[in-house]
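Q: Please take a close look at one part of this model and describe how it sits among its surroundings. I should then like the account to continue to other places that deserve attention at the level of single residues.

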Amino acid sequence: MADAFTAGVEPGGLTSTQEIRILLCYMLDTVGQAINREEVTDILTAGGMANYFDIEDAIEELIRQQHLVEADKKIATTVTGAQIGQSLSVRIPYTLRQRSVEAALKLLKRIKIQRDNQVEITKLEEGGYAVTCTVQDRGMDLLTVTLRVADRNQADCIKEQFLNDPSLLFRSNLAVLTGDAGMRRAGTELVIKL
């Protein structure tokens, strides 16, 4: 039953508003915590799983029927929404269920990393940018590194790489500084074993 828009939906994506509602309930129930409404929409549209307008309509309908609740722009399942996600999820292809949950968990991990670690990009008067990456644990700074780079693209690249795995910066620096890292030079490559 194709009653949804197909713009932006990849082959295998959902074209039924009923299936979109089931996927929303399943994803939110499986993740087990509220997610920003805009980010939920981004997860499903970025993966080509459903059309933006259909997702928004599905969210509104689920809130109206009290299968989802919204507070502070975050949405979560109610008891009945969780039941819908659990009992009807077999109607949604396994790959879509898996992709939606993985994307949501990745997003939540990224939000936690950004909350627990800091990156500051400062434009320098003499040209270039300073990128300061701070690894934190329980609100305490463990390591702060500041790099000067030529342009904003490099600064943004460093920010993204740092936020992908802040612990890697900490572990590798600690291993090098304590002598625990086995290093060898391989041509133009420096290999560090942690």
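A: In this predicted model, Glu-38 and Ala-46 are exposed on one side of helix H2, a helix that spans residues 37-46. The other side of H2 has another character. Its buried residues are Arg-37, Val-40, Thr-41, Ile-43 and Leu-44. Viewed down the helix axis, these buried residues of H2 fall within an arc of 155°, and they therefore line one face of the helix. The general geometry of helices is relevant here: an α-helix has 3.6 residues a turn, so residues three or four places apart point the same way.

The buried residues of H2 are covered by several elements. Among them are three helices, H1 (17-31), H3 (52-64) and H5. The cover also includes strands E1 (35-36), E2 (68-71) and E3 (74-77).

The two ends of H2 may be taken in turn. At the N-terminal end, Asn-36 acts as a cap, with a side-chain oxygen 2.8 Å from the backbone nitrogen of Glu-38. Glu-38 thus appears twice in this account, as the partner of that cap and as one of the exposed residues of H2. After H2 comes Gly-48, which has a positive phi, near 65°.

Positive phi values also occur in residues other than glycine. Gln-66, in the loop between H3 and E2, has a phi near 65°. Both H3 and E2 are among the elements that cover the buried residues of H2. Gln-66 itself counts as exposed because its relative accessibility is 58%. Arg-138 likewise has a positive phi, near 55°, and is found in the loop between E5 and E6. With a relative accessible area of 83%, Arg-138 is exposed.

Helix H5, part of the cover over H2, leads to the largest pocket. That pocket has a volume of about 230 Å³. Its lining comprises 15 residues, and those nearest its centre are Ile-113, Asn-117, Gln-136, Pro-166 and Ser-167. H5, strand E5 (129-137) and helix H7 (166-178) are the elements that each give two or more residues to this lining. H5 gives the most, with 4 residues. By class, the lining has 5 nonpolar, 4 polar and 6 charged residues.

Asn-117, one of the residues nearest the pocket centre, merits separate attention. Asn-117 is found in the loop between H5 (94-116) and strand E4 (118-123). Its relative accessible area is 8%, so Asn-117 is buried. The side chain of Asn-117 reaches the backbone nitrogen of Gln-136 at 3.1 Å, and Gln-136 is likewise among the residues nearest the pocket centre. Apart from its neighbours within four places in sequence, Asn-117 is in contact with Thr-134, Val-135, Gln-136, Phe-162 and Pro-166.

A further loop residue is Ala-150, which lies between strand E6 (140-149) and helix H6 (152-164). Ala-150 counts as exposed because its relative accessibility is 61%. When residues up to four places away in sequence are not counted, Ala-150 touches Gly-128 and Tyr-129. The C-alpha atom of Ala-150 is separated by 7.4 Å from that of Gly-127, 23 residues apart along the chain.

Definitions and conventions: Residues are numbered from 1 along each chain as its sequence is written. This is a predicted model: local features need pLDDT of at least 70, side-chain atom pairs count only at pLDDT 80 or more; totals for chains, interfaces and linings use all residues. Side-chain values use heavy atoms; hydrogens and water are left out. Buried means under 20% relative accessible area, exposed over 50%, partly exposed in between (1.4 Å probe, protein chains only). A polar contact is a pair of N or O atoms within 3.5 Å; within protein, one must be able to donate a hydrogen and the other to accept it, and residues adjacent in sequence count only if both atoms are side-chain atoms. Contact means heavy atoms within 4.5 Å. On a 1 Å grid over the protein atoms alone, a cavity is a set of points where a 1.4 Å probe fits but cannot get out, and a pocket is an open set with protein on both sides within 12 Å along at least five of seven lines; lining residues have an atom within 4 Å of a point. Grid points are joined across faces, edges and corners, and a volume is the space filled by probe spheres set on the points. Ala, Val, Leu, Ile, Met, Phe, Trp, Tyr, Cys and Pro count as nonpolar, Asp, Glu, Lys and Arg as charged, and the others, Gly among them, as polar. The arc is that of the directions from the helix axis to the C-beta atoms.
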